[in-house]
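Colleague: Could you walk me through this structure with a few questions and answers? I would like to see how each answer is reached.

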Amino acid sequence: MKSYRKKICLFLIILFLWLIVAGVDYFYLQQKRTKPNEITIPPTEQTSTPIVMPTNTAAPQASAEFYPPIDQFKEQITKKFFGAYITPQNSPVQPERFKGYHTGVDVEYKDVTADVPVYALADGKIVYSGWVSGYGGVFMIEFNLNDSPHTALYGHIRPSSLPPKNKAVTKGEKLAVLGTGYTHETDGERRHLHFAILSNSRIDLLGYVQQKSQLSGWIDPLTLEYAQQ
Ligand SMILES: [Zn+2]
């Protein structure tokens with residue numbers, strides 16, 4: 001009977017010790033298993049992400065943008081695009097008195113009765129301002145495009161609102177308003193903006209050229225990038 005109890009006691013002690021050893025072992029193994037997981041979370045990557053944020057890549061694009069010369073600029077070019085060959089017979093505007101390749105774009109405001117302001121597309125200087133047959137009021141801005149001087153022409157402007165020659169202008173500045181249609185202000189034309197960009201800094205008031213090759217003296221204004229209004 002005594003030896004039987006002794007055996008049970010011994011068994012329990014062995015079992016107890018085994019449980020302790022097994023428990024320690026298990027704990028040790030668990031720790032080993034979780035350690036590599038901890039290593040695969042690289043804290044350096046987490047801290048480096050905010051530093052890499054490209055805040056300056058958008059800046060050159062923004063500075064390359066021009067200010068739309070008039071509200072609804074792209075949407076309202078519906079009749080005469082750059083380079084269109086216009087004759088009195090085929091013209092979308094009737095009656096038509098011009099013939100040739102259109103050197104700019106026409107932005108239409110025929111049905112607008114309120115004053116329609118025009119804005120400086122870029123920083124620059126007024127290099128021409130006056131009344132010219134075919135336009136009524138017209139002015140030109142010299143500005144930089146790809147680091148070289150160009151000129152932009154705004155035609156059919158109310159003469160009394162024209163900015164003075166040599167005035168320095170800033171991008172987005174309101175400079176004048178469109179002339180009233182079918183009056184001396186537009187030299188009898190409907191209310192619209194004739195907007196052209198010359199490929200260098202010369203002053204050239206031609207609204208149409210007779211040879212297609214002559215269009216190289218102008219740039220399609222729609223190829224420039226404009227800021228959203
Ligand atoms: Zn035009």
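Modeller: Happily! One term to begin with: two strands pair if DSSP finds at least two bridges between them. Please also keep in mind that this model is predicted.

Colleague: Then let us start with the hairpin of β5 and β6: which residue in its turn has a positive phi?

Modeller: Strand β5 covers residues 124-132 and β6 covers residues 136-145. They pair in the antiparallel sense over eight bridges, and Trp-131 stands opposite Gly-137 in β6. Three residues lie between the two strands, and the one in the turn with a positive phi, of about 100 degrees, is Gly-134.

Colleague: Strand β6 also joins β7, so to speak, on its other hairpin. Which residue takes a positive phi there?

Modeller: Nine bridges join β6 to β7 (residues 148-157), and the two strands run antiparallel. As an example of a bridge, Glu-142 has Thr-151 as its partner in β7. The hairpin has two residues between the strands, and the residue with a positive phi near 55 degrees is Asn-146.

Colleague: How many of the residues of β6 are buried?

Modeller: The cut-off to use is under 20% relative accessible area for a buried residue. Strand β6 has 10 residues and is mostly covered, with the number buried being eight.

Colleague: Now the metal. Which protein residues are the donors of the zinc ion?

Modeller: Look for protein atoms 2.0 to 2.2 Å from the zinc ion. Along the chain, the donors follow the spacing H-x3-D-x87-H. Reading that pattern with the atoms NE2, OD and ND1 in turn gives His-102, Asp-106 and His-194.

Colleague: Asp-106 sits in strand β3. Are the residues on the two faces of β3 buried or exposed?

Modeller: Strand β3 spans residues 105-108, with Val-105 and Val-107 on one side and Asp-106 and Glu-108 on the other. Asp-106 shares its state with another zinc donor, His-102. Both faces of β3 are covered, and these four residues are all buried.

Colleague: What is the bridge partner of Val-105 in β10?

Modeller: β3 and β10 (residues 192-198) pair in the antiparallel sense over four bridges. In β10, the partner of Val-105 is Phe-195.

Colleague: Last one: which residues of β3 does Thr-78 touch?

Modeller: Thr-78 is in the loop between α3 (58-64) and β1 (85-86). From Thr-78 to Val-105 there are 27 residues in sequence, and 9.1 Å in space, C-alpha to C-alpha. Leaving out residues up to four places away in sequence, Thr-78 touches Asp-106 and Glu-108.

Methods. Residues numbered from 1 in each chain as written. Predicted model: local features only at pLDDT ≥ 70, side-chain atom pairs only at ≥ 80, totals over all residues. Heavy atoms only, no water. Donors = N, O, S within 2.8 Å, 3.2 Å for Na, K, Ca; no water. Buried < 20%, exposed > 50% of the residue type's maximum accessible area, 1.4 Å probe, protein only. Contact = heavy atoms within 4.5 Å.
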